[in-house]
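Here's a quick tour of a protein model, meant to be read with the structure open beside you. Take a look at it, then we'll start in the middle and work outwards.

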Amino acid sequence: MSVDGEPGSELLARVLLTRVIEPGDEAGGRWVKELGVAEVVRRLGEGGAPLPGASGKRWAGLVARAQAARPRRDLKAARDAGVRFVPPGDAEWPGQLDDLGDARPLGLWVRGRPSLRMWALRSVAVVGARACTEYGAHMAATLAAGLAEQGWVVVSGGAYGVDGAAHRGALGAGGATVAVLACGVDRPYPRGHTRLISRIAEQGLVIGELPPGDHPTPSRFILRNRVIAALTRGTVVVEAAHRSGSLVTARAAQRLGRHTMGVPGPATSGLSAGVHELLRGEAVLVTDVADIVELVGDIGELAPDRRGPVLPRDLLEPATRQVLAALPGRGAARPEEIARSAQTAQDDAIARLYELRALGYVERHGDGWKLTRQAVMSVRDGRGPG
């Protein structure tokens, strides 16, 4: 099992450890940081006393895994599948993954032509429920397409539901997307997304921590989410129930100092309950691409002011609008009452009432003034009269 002194022995040692140490194992990460990968592999090969933090039973399991590992075979299988192994320190390694500390991946298996490091510099995660609603799928696809059109890389987990919609949205816009898998990148999962993941590999990137042929487990899905969070500038959660795995991604992003965003849903939807919980905390509410880019983009990439349509009454002078607002919704009011409510002189109120009459907002009614029927209806539906 020893790889000491062989060409590429550091790389072989890391590849071997991807068969031995589970993703996100902080004890294993500390061993690699303090002893180096070659020494960790040597200790595993000797099968002696456990390294710090490992029980005798766990250490025996790691030793057995190490003895069964065949790093050269894994590298050949990867090459045959068009997959490369990118270790920390490589020119393609995304430096932001170092923020994970001892939970940093031992390396990443990468399928696809683009440079992972370059793509990760301008990337956003879009995640959410597997069993999403039509609304969730629509929002994920729309946001992903918009981000792709503005030159952002959309990162997600390749799963059913929101993940798949996000990938498809980016691909449909002719943009860039990255799928982070919880299994070997040569073995698409879920099976129903085989064509989608193959398309992502052709147009974008498929990456993961596990060696070729390895299978997903529930814990690997959860631990995969930390990579999505660390790789990107921010995470957008579209739909998530209270115990959704996408909330794990969002909370990892928060711990790493990344932006965390949530798309609100119906108050009655259990699939939006987790998002709403995030929004009551430190997450930022977003509803479109401009909101997202304002947070994760460079200085000056600001979302436009959120304003409704300009209505005819908005074009009135402020003092005239004040007089208009002083008229009751029903019935008539005398000029002195209108002036008092508008906080102006009676003569000024009368002058402005005649102006409003010419515009079709008010009419005389005996000694008083009242809103025209058309004006009352326009106030209700947000239009101006006429």
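## Strand 3 and its partners

Let's begin with a pairing: strand 3 runs parallel to strand 4 (residues 153-156), and three bridges link the two. Keep in mind that this is a predicted model. If you want a spot to click on, find Ala125, which sits opposite Val155 of strand 4.

Strand 3 also pairs with strand 7 (residues 234-237), again in parallel and again through three bridges. Here the residue to pick is Val126, whose bridge partner in strand 7 is Val236.

## How covered is strand 3?

So is strand 3 buried or exposed? All five of its residues, 123-127, are buried, so the rest of the structure largely encloses this strand. The cover is on both faces: Ser123, Ala125 and Val127 are buried on one side, and Val124 and Val126 are buried on the other.

## The sheet around it

Zoom out a bit and you'll find an open sheet of nine strands with mixed pairing, in the order 1-2-6-5-4-3-7-8-9. Its edges are strand 1 (83-86) and strand 9 (284-285), each of which pairs on one side only.

## A buried arginine

Now hop over to helix 1 (residues 9-20), where you'll find Arg14. What is the relative accessible area of Arg14? The value is 9%, and because the cut-off for buried is under 20%, Arg14 counts as buried.

Who keeps Arg14 company? Setting aside neighbours within four places in sequence, Arg14 is in contact with Val32, Val37, Phe85, Pro87, Pro88, Arg104 and Leu106.

## The whole protein

Altogether the protein has 17 helices and 11 strands. Its radius of gyration is 30 Å, while the globule rule gives 21 Å for 386 residues, so the protein is more spread out than a compact globule. You can see that in the C-alpha trace too, which spans about 105 × 40 × 35 Å along its principal axes.

Buried residues account for 50% of the 386 residues. As for contacts between residues at least 6 apart in sequence, 69% of them join residues at least 24 apart.

## Surface and charge

The accessible surface adds up to about 18,100 Å², and carbon and sulfur atoms contribute 51% of that. On the charge side, there are 49 positive and 42 negative charges, and the mean positions of the two sets lie 6 Å apart.

Conventions. Residues numbered from 1 in each chain as written. Predicted model: local features only at pLDDT ≥ 70, side-chain atom pairs only at ≥ 80, totals over all residues. Heavy atoms only, no water. Helix = DSSP H or I, 4+ residues; strand = E, 2+ residues; numbered from the N terminus. Rg over C-alpha atoms; globule rule 2.2 N^0.38 Å. Buried < 20%, exposed > 50% of the residue type's maximum accessible area, 1.4 Å probe, protein only. Contact = heavy atoms within 4.5 Å. Areas by Shrake-Rupley, 256 points an atom, 1.4 Å probe, with all protein chains shown as cover. Lys, Arg positive; Asp, Glu negative; His and termini not counted. Charge placed at Lys NZ, Arg CZ, Asp CG, Glu CD. Pairing = 2+ DSSP bridges.
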